[in-house]
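Colleague: Could you take me closely through the part where the two chains meet, and then through the aromatic rings that go with it? I would like one connected account rather than a list.

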Number of protein chains: 2
Amino acid sequence: MDKVVGSAAEAVSDLAPGSVIGVGGFGIVHAFPVHLIGAVRELGLTDLVIVTNSLGTDSGHPLSLVQQGQVRKLIAAFSARPGSAIGPADAISPVPLEVELVPQGLLAERMRAAGAGLGPFFSPVAADTVLAEGKERRVFGGRDYILEQPLPLDFGLIYAHAADQAGNLVFRGASQNFGPSVAKAARVVIAEVDEIVEIGTLRPDDVGLPGIFVDRIVVSPARREAVWRKPRVDEQQPREYLGRRGRSGRQIAERVAALLPEGSYVNLGVGLPTMVSDFLDGRDVTLHAENGLLGYGTRLAPPDADIDVFNAASEPVTLRQGASTFDTVEAFEMARGGRLDAVILGAYQVGADGTFANWTTPTLGGGAIGGAMDLVVRPGKLIIAMWHCERSGQPKVVRQCAYPPTGTGCVNLIVTDLAVMERDERGLVLRECSPGFSPADIQQLTDAPLTVELWADMTDSSLSAIADWRRTLARGRVLPRPVP
Amino acid sequence: MDKVVGSAAEAVSDLAPGSVIGVGGFGIVHAFPVHLIGAVRELGLTDLVIVTNSLGTDSGHPLSLVQQGQVRKLIAAFSARPGSAIGPADAISPVPLEVELVPQGLLAERMRAAGAGLGPFFSPVAADTVLAEGKERRVFGGRDYILEQPLPLDFGLIYAHAADQAGNLVFRGASQNFGPSVAKAARVVIAEVDEIVEIGTLRPDDVGLPGIFVDRIVVSPARREAVWRKPRVDEQQPREYLGRRGRSGRQIAERVAALLPEGSYVNLGVGLPTMVSDFLDGRDVTLHAENGLLGYGTRLAPPDADIDVFNAASEPVTLRQGASTFDTVEAFEMARGGRLDAVILGAYQVGADGTFANWTTPTLGGGAIGGAMDLVVRPGKLIIAMWHCERSGQPKVVRQCAYPPTGTGCVNLIVTDLAVMERDERGLVLRECSPGFSPADIQQLTDAPLTVELWADMTDSSLSAIADWRRTLARGRVLPRPVP
């Protein structure tokens with residue numbers, strides 16, 4: 001058995017107009033099978049259905065197929081990148097483009113269900129959002145579930161670090177992400193690899209994806225280049241409110257970091273939350289990234305970075321002792337299964353009832369769902385880290401969330417540049433004001449009514465009040481229970 | 001974070017009467033967490049619900065909890081072992097025991113669904129058997145599916161080769177089997193390991209199960225002993241029919257091996273099919289074992305065996321170049337997902353319509369489902385290898401299968417000690433007679449009517465007719481297709 005073929009062009013030669021093609025890869029630059037995508041572009045096939053987590057940014061990414069008008073339908077977790085010069089997918093396509101947005105973990109799970117030979121399944125993901133509209137709904141154990149369809153593929157194009165002739169694949173770091181789920185769902189699986197190793201060289205226990213899932217192997221004709229994009233969020237300066245400066249973005253992240261208890265497992269969303277990892281040195285907090293890392297550390301300057309070790313924001317990070325890597329399916333098993341103690345996300349708006357929005361706005365167009373809707377299914381405690389107001393001055397903490405929600409009634413804590421607010425049965429409770437701001441100032445800048453009950457006033461010291469919060473958080477894991 | 005606890009007794013001290021406990025391990029002897037099970041036995045807890053693939057055979061296995069009357073309900077793929085001195089589970093329990101039989105792959109998948117935070121799912125497994133009775137049924141793409149429930153656990157007891165202090169586990173060979181699915185489903189996960197390695201020693205890519213799924217680690221106080229049981233099937237001599245001898249069991253296996261095409265992926269069931277692996281030296285046939293091996297070779301004499309490298313019949317085997325290991329969930333993704341070219345199973349009876357039975361009989365009591373019902377969902381070609389008649393002389397190839405079926409209308413080929421029979425739209429077609437037997441002899445010993453169309457008479461040589469069969473088989477993979 002020798003699955004190695006001579007070139008990317010040869011490997012994709014039987015793709016056809018209308019083919020349903022899954023593409024592995026993550027975020028803005030990572031682990032896309034760039035030469036296979038290039039070969040599909042050169043084939044000039046049209047009417048394609050492309051299934052991918054995100055479009056990427058370059059000619060080697062699924063984006064280029066959309067830009068060339070080769071795609072009829074896009075099934076993805078991201079159809080737009082907020083703040084990017086590239087608009088929503090349907091706006092950049094020269095042909096009519098249908099877009100189906102699917103939460104990231106659910107996207108991998110739908111492919112995995114097809115690959116596992118299973119039928120539709122009930123999922124709690126996004127059951128309280130517009131994405132559930134028109135789908136079959138049922139209640140189990142008091143919780144809403146939506147019937148989701150398996151997502152089989154004609155072809156799967158994935159990247160792996162190495163392969164042997166039998167098609168056994170080895171992944172490095174966080175580069176496997178969607179690779180295994182795309183491969184399992186596809187009738188024909190083509191893997192682009194950095195190198196072929198002689199059969200018998202791989203230890204059986206080290207194989208990342210067994211060769212039975214892989215049909216063709218192509219060696220990349222060129223060495224992969226690490227393209228890191230500078231995180232824009234770091235540059236954001238403190239904003240002014242009532243003539244005074246609040247916390248900077250980094251200070252918001254630092255405040256969140258201080259609230260996390262020792263021994264916890266925590267997921268950091270993209271944006272302000274990403275910076276929390278810079279403030280955990282020496283702390284026993286294990287960070288979970290949905291692209292397939294557990295136990296990553298601080299962010300790194302690109303020259304020192306490993307191309308395959310990146311966080312969910314596509315930034316290079318260190319790996320701590322005790323780190324592990326896995327694929328997107330397993331990353332979301334951890335999250336939906338209730339293994340996280342806390343999830344920290346950014347938001348456009350948070351309502352007084354704990355409903356929040358962070359994936360689209362009426363003006364954004366498209367949507368950047370990512371993994372947020374999967375993460376809020378069983379987030380332990382859900383902490384929102386964001387600026388207190390829009391740049392326009394519009395409050396972001398509102399009586400009622402006006403944007404399409406990411407999750408309803410699920411926010412536990414909000415940390416902004418001006419305040420820390422906890423949600424309980426009374427609504428929002430002001431716990432801390434940033435230096436220079438009074439509770440009255442905060443209320444003035446907040447649409448939602450706040451109950452004022454500062455941690456500092458509650459007990460002898462704010463430290464023990466925060467310890468109370470941490471203890472609550474440490475009990476936050478909500479795992480499914482057996483039926484008695 | 002240090003998850004290491006001092007002893008098995010300490011690790012299980014908060015188990016309670018009535019706890020739902022998942023136990024990893026496979027087959028008759030392998031990879032059970034024997035010291036944890038022993039500690040549960042010593043605790044004397046009763047009213048337990050035990051979820052396990054099989055009962056094992058020794059005091060370190062789930063069997064001992066049943067024998068001591070500690071179990072109220074058993075959820076398992078095997079509640080009896082055919083030919084064993086140990087009777088059905090409910091017959092050996094001194095207290096009333098409820099038994100829920102679940103096909104092996106489905107059992108792992110139901111635990112995995114709980115661990116992944118998903119709801120019920122539609123499964124094609126056993127949809128045409130008595131196990132589907134009373135369950136919600138629905139048709140998708142012309143195929144019957146049954147709604148299956150997630151199976152969450154209070155506690156998970158598993159075995160792994162090594163762990164670090166953060167709970168990251170490393171498995172060896174086929175020893176992971178149910179470990180990951182049990183761990184994902186359980187609220188509290190306790191792993192028994194051979195050794196603790198210092199945190200930072202494990203490469204992140206080598207972790208088999210990330211520590212987020214593991215709560216407590218115990219080091220085995222004693223070295224594991226390899227206990228191999230001699231396969232009884234090898235001793236079976238040729239049987240006599242009409243005063244003449246048919247093929248021996250090994251010769252049946254040899255005949256099956258010769259029919260497999262090069263480049264194929266094949267699963268071998270327990271019993272006669274297991275011996276097929278002894279006749280594939282130098283052949284490009286990749287063997288799949290549902291306990292988590294792809295690419296194993298011949299069976300080995302125990303002194304040369306690796307304790308963690310065993311086939312689905314719990315026999316030691318070699319690993320070929322290009323082998324890989326994985327867990328039960330992934331093993332059945334391969335099978336149900338349609339990646340196998342052929343599945344070879346034993347049977348008690350096969351009907352003319354391709355319905356067969358191999359998991360229980362009216363006299364056996366209990367049931368040994370194993371993975372057969374999962375394997376026949378998309379078996380590629382399903383080949384039955386069995387004796388032509390019962391020892392009593394009763395034909396096993398019958399007009400209509402009288403025992404509870406394992407699968408309906410799914411058998412493609414039957415290889416017995418007397419004949420090779422193919423099933424097509426006409427019913428059963430006799431393709432080969434064993435030396436010394438005529439088509440009339442075979443029909444006399446067969447309840448089902450046979451169309452006689454011998455491969456040897458069809459073309460210039462029987463070899464090319466067999467090549468035709470092989471080519472059909474090589475097209476046998478039936479993967480799910482995208483909806484157009």
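**The A–B interface and the aromatic pairs**

Modeller: A good place to begin is a salt bridge in which the side chains of A:Glu109 and B:Arg112 come together, with 2.5 Å from N to O; please keep in mind throughout that this is a predicted model. That bridge belongs to a set of 10 salt bridges that the rule finds across the interface of chain A and chain B, and the search for polar contacts across this interface gives 34 residue pairs, both residues being at pLDDT 80 or more.

As for the extent of the interface, chain A brings 75 residues into the contact and chain B brings 75 residues as well. The area buried between chain A and chain B comes to about 5,900 Å², and carbon and sulfur atoms give 51% of that area. On the side of chain A, the three residues that supply more than any other three are A:Arg187, A:Ile212 and A:Arg339, which account for 13% of the area that chain A buries against chain B.

Turning to the aromatic rings, one cluster draws on both chains, for it is formed by A:Phe122, A:Phe140 and A:Tyr145 together with B:Phe122, B:Phe140 and B:Tyr145. Over all chains, a search of the whole structure finds 9 aromatic pairs. One of them joins A:Phe122 to A:Phe140 in an edge-to-face arrangement, with 5.1 Å centre to centre and 70° between the planes. Because A:Phe122 lies in strand 5 (residues 121-123) of chain A and A:Phe140 in strand 6 (residues 137-140) of chain A, this pair ties together parts that are 18 residues apart in sequence. Both A:Phe122 and A:Phe140 are buried.

In chain B, B:Tyr348 and B:Tyr403 also form an edge-to-face pair, here with 6.4 Å centre to centre and 80° between the planes. B:Tyr348 sits in the loop between strand 18 (342-345) and strand 19 (349-351) of chain B, while B:Tyr403 sits in the loop between strand 22 (397-398) and strand 23 (413-415) of chain B, so the pair ties together parts that are 55 residues apart in sequence. B:Tyr348 has a relative accessible area of 23% and is therefore partly exposed.

Finally, there are rings that are faced by a charge. In chain A, A:Arg244 lies over the face of A:Phe437, at 5.1 Å from the ring centre, and in chain B the charged end of B:Arg244 is placed over the ring of B:Phe437, 5.2 Å from its centre.

Key: Residues numbered from 1 in each chain as written. Chains lettered and ligands numbered in written order. Heavy atoms only, no water. Phe/Tyr/Trp six-rings, centres within 6.5 Å; stacked < 30°, edge-to-face > 60°. Helix = DSSP H or I, 4+ residues; strand = E, 2+ residues; numbered from the N terminus. Buried < 20%, exposed > 50% of the residue type's maximum accessible area, 1.4 Å probe, protein only. Lys NZ or Arg CZ within 6 Å of the ring centre and 35° of its normal. Contact = heavy atoms within 4.5 Å. Buried area = accessible area lost by both parts, 1.4 Å probe. Salt bridge = Lys/Arg side-chain N within 4 Å of Asp/Glu carboxyl O. Polar contact = N/O pair within 3.5 Å; in protein donor to acceptor, adjacent residues only side chain to side chain.
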